[in-house]
Amino acid sequence: MSDIVSDLLRLSEDPNADPRTRRRQTMERLVQTLLAMADAEMRSEDPQHRHSIIGLTTIIRSMTGRIAEADDATFSAIVREGAMLIRSLQRRQANAARFTVH
């Protein structure tokens, strides 16, 4: 999971960016990652799963500003939860790929 957290927490290209801006960028990367994973679920036999990912992504996107302003512990917990969700989705996709006939 640390690789995902590292990817999400990669610092902004702009060294002068304030912490709030970096946090917004982190949340934007989380949203982009989840949307990419939802796109990968297009061929899934469970359309509800894809819908759930998109629903969660919409919530995160709408709360990005508030999440960026959260205290350090809350922000870190949200990023950890996001990373665990991404890892879980990656495992699910890997397991599904094993049973997919090409």
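At what angle do α2 and helix α3 pack, and how far apart are their axes? That was what I wanted to know when I opened this model, which is a predicted one.

**Entry 1: the helix pair**

I looked up the pair and found that α2 and α3 (residues 47-62) pack at an angle of about 165 degrees, with their axes 9 Å apart. I therefore wrote down α2 as roughly antiparallel to α3, since angles over 145 degrees count that way. On the α2 side, the contact is made by Met27, Leu30, Val31, Leu34, Leu35, Ala38 and Asp39. On the α3 side, I listed Arg50, Ile53, Ile54, Thr57, Ile60 and Arg61. I also checked the handedness, and the crossing of α2 and α3 is left-handed.

**Entry 2: the whole chain**

Next I stepped back to see what surrounds this pair. I counted five helices and zero strands in the protein chain, so my sketch from the N terminus on reads α-α-α-α-α, following the definition of helices and strands as DSSP runs. The chain has 102 residues, and 30% of them count as buried. I then looked at contacts between residues at least 6 apart in sequence, and 71% of these join residues at least 24 apart.

**Entry 3: α2 by itself**

I went back to α2, which covers residues 19-40. This helix has 22 residues and reaches 32 Å from its first C-alpha to its last, close to the 32 Å expected at 1.5 Å a residue. At its N-terminal end I found a cap: a side-chain oxygen of Asp18 lies 3.2 Å from the backbone nitrogen of Arg20. For burial in α2, I noted Arg23, Thr26, Met27, Arg29, Leu30, Val31, Leu34, Met37 and Ala38.

**Entry 4: Leu34**

Leu34 had come up both in the α3 contact and among the buried residues of α2, and I gave it a closer look. Its relative accessibility is 0%, which is why Leu34 counts as buried. Leaving aside residues up to four places away in sequence, I found Leu34 touching Ile53, Thr57, Ile60, Leu85, Ile86 and Leu89. I took one of these partners further: Leu89 is 55 residues from Leu34 in sequence, while their C-alpha atoms are 8.9 Å apart in space.

**Entry 5: His51**

Is His51, over in α3, buried or exposed? I looked up its relative accessible area, which is 53%, so His51 is exposed. I also took a distance from His51 to Ala38: the two are 13 residues apart in sequence and 7.9 Å apart in space, C-alpha to C-alpha.

**Entry 6: Thr64**

I moved on to helix α4 (residues 64-68), where Thr64 lies. With a relative accessible area of 7%, Thr64 is buried. Which residues does Thr64 touch, not counting those up to four places away in sequence? I found Arg24 and Met27. I also noted that the Thr64 side chain reaches the backbone oxygen of Arg61 at 3.2 Å.

**Entry 7: Arg87**

My last stop was Arg87 in helix α5 (residues 72-98). I wondered whether to file this arginine as buried or exposed. Its relative accessibility is 19%, and because buried means under 20%, Arg87 counts as buried. Its side chain makes a polar contact with the side chain of Gln90, at 3.1 Å.

Notes:
Residues are numbered from 1 along each chain as its sequence is written. This is a predicted model: local features need pLDDT of at least 70, side-chain atom pairs count only at pLDDT 80 or more; totals for chains, interfaces and linings use all residues. Side-chain values use heavy atoms; hydrogens and water are left out. Helices (H or I, at least four residues) and strands (E, at least two) are DSSP runs, numbered from the N terminus. Buried means under 20% relative accessible area, exposed over 50%, partly exposed in between (1.4 Å probe, protein chains only). Contact means heavy atoms within 4.5 Å. The expected span of a helix is 1.5 Å times one less than its number of residues. A polar contact is a pair of N or O atoms within 3.5 Å; within protein, one must be able to donate a hydrogen and the other to accept it, and residues adjacent in sequence count only if both atoms are side-chain atoms. Axes are lines fitted to C-alpha atoms, for helices over the stretch in contact, and angles run from 0 to 180 degrees between N-to-C directions. Angles under 35 degrees count as roughly parallel, over 145 as roughly antiparallel, 65 to 115 as roughly perpendicular and the rest as oblique. A crossing is left-handed if the near helix is turned anticlockwise from the far one by less than a right angle, and right-handed if clockwise.
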